[in-house]
Amino acid sequence: MYPDAGGVRNTFGQMAAKLAGFGYTVLLPDVYYRNPDWAPFDMATVFGDEQESKRLFAMIGGLTADKNTSDGRAFFDYLADRPEVSGERFGVCGYCMGGRISVLVAGRIPDRVAAAASFHGGGLVSDTADSPHLLAEKMTATVYVGGAQNDAPFTADHAEQLDKALTAAGVRHTIEWYPAAHGFAVPDTTRSMTRPPSSTGRR
């Protein structure tokens, strides 16, 4: 379970515990472990605080595609060695920044990822060489994307491009829109959920 840009905190511990309650072994990694003793962010105020926002984006920028890939391999190897875990392929899910990591890892480590889910993830489609949608042909996982409404990091155009890439590659996938703000799936962020999601792409 990849956290959002705020990193590991109480709300994600609760989310991981709930998922584990369904019978899964859940690994919730500190994606910012390269920043020893980093102070937790207050997600209610971080984007309105210039210094905190600067610190947050600096840490996000340090998570390159290569680092996420090497970390992912280490996470999967660790899980595979656990006595309560069976099999060599895993499911990954992520929120916001973590949603991008989930899809990226599905494309960069396809032999280890059986399913990938992104909730209000941003950067799934970009004009950079490490854009996750460019990895569609390498993916073997089933992919789920839950987008937020009026969300600049993942727009209708992004969804269309992602859908086309996954469809062309024969990747089984679903893209849905939730009538809610960015961050809707994480309890300690501002959100508004008023009705069920609508599917805009499905294979």
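Trainee: In helix H1 (residues 10–20), what makes Thr11, Phe12, Met15 and Ala16 count as buried?

Mentor: Each of the four has under 20% relative accessible area (1.4 Å probe, protein chains only), so the word applies. This is a predicted model, where local features need pLDDT of at least 70, side-chain atom pairs need 80 or more, and totals for chains, interfaces and linings use all residues. Residues are numbered from 1 along each chain as its sequence is written, and side-chain values use heavy atoms, without hydrogens and water.

Trainee: How do you know that the buried residues line one face of H1?

Mentor: Down the axis, they fall within an arc of 135°, taken from the directions from the helix axis to the C-beta atoms, so they share one face. On the other side, Asn10, Gln14 and Lys18 are exposed (over 50%). Strand S1 (90–95) is among what covers the buried residues, by contact (heavy atoms within 4.5 Å).

Trainee: Why are H3 and H4 called roughly perpendicular?

Mentor: Their axes, lines fitted to C-alpha atoms over the stretch in contact, cross at roughly 75° and come within 10 Å. That angle lies in the 65 to 115 degrees range, so the label fits. On the H3 side the contact includes Ala65 and Phe76, and on the H4 side Ile101 and Val105.

Trainee: Which residues have the most contacts inside the largest nonpolar core?

Mentor: Tyr2, Tyr32, Phe41, Phe76, Met97, Val105 and Val113, in a core of 25 residues. Such a core joins buried nonpolar residues through side-chain atoms within 4.5 Å. H4 gives the most, with 4 residues.

Notes
Helix = DSSP H or I, 4+ residues; strand = E, 2+ residues; numbered from the N terminus. Axes fitted to C-alpha atoms, helices over the stretch in contact; angles between N-to-C directions. Parallel < 35°, antiparallel > 145°, perpendicular 65-115°, else oblique.
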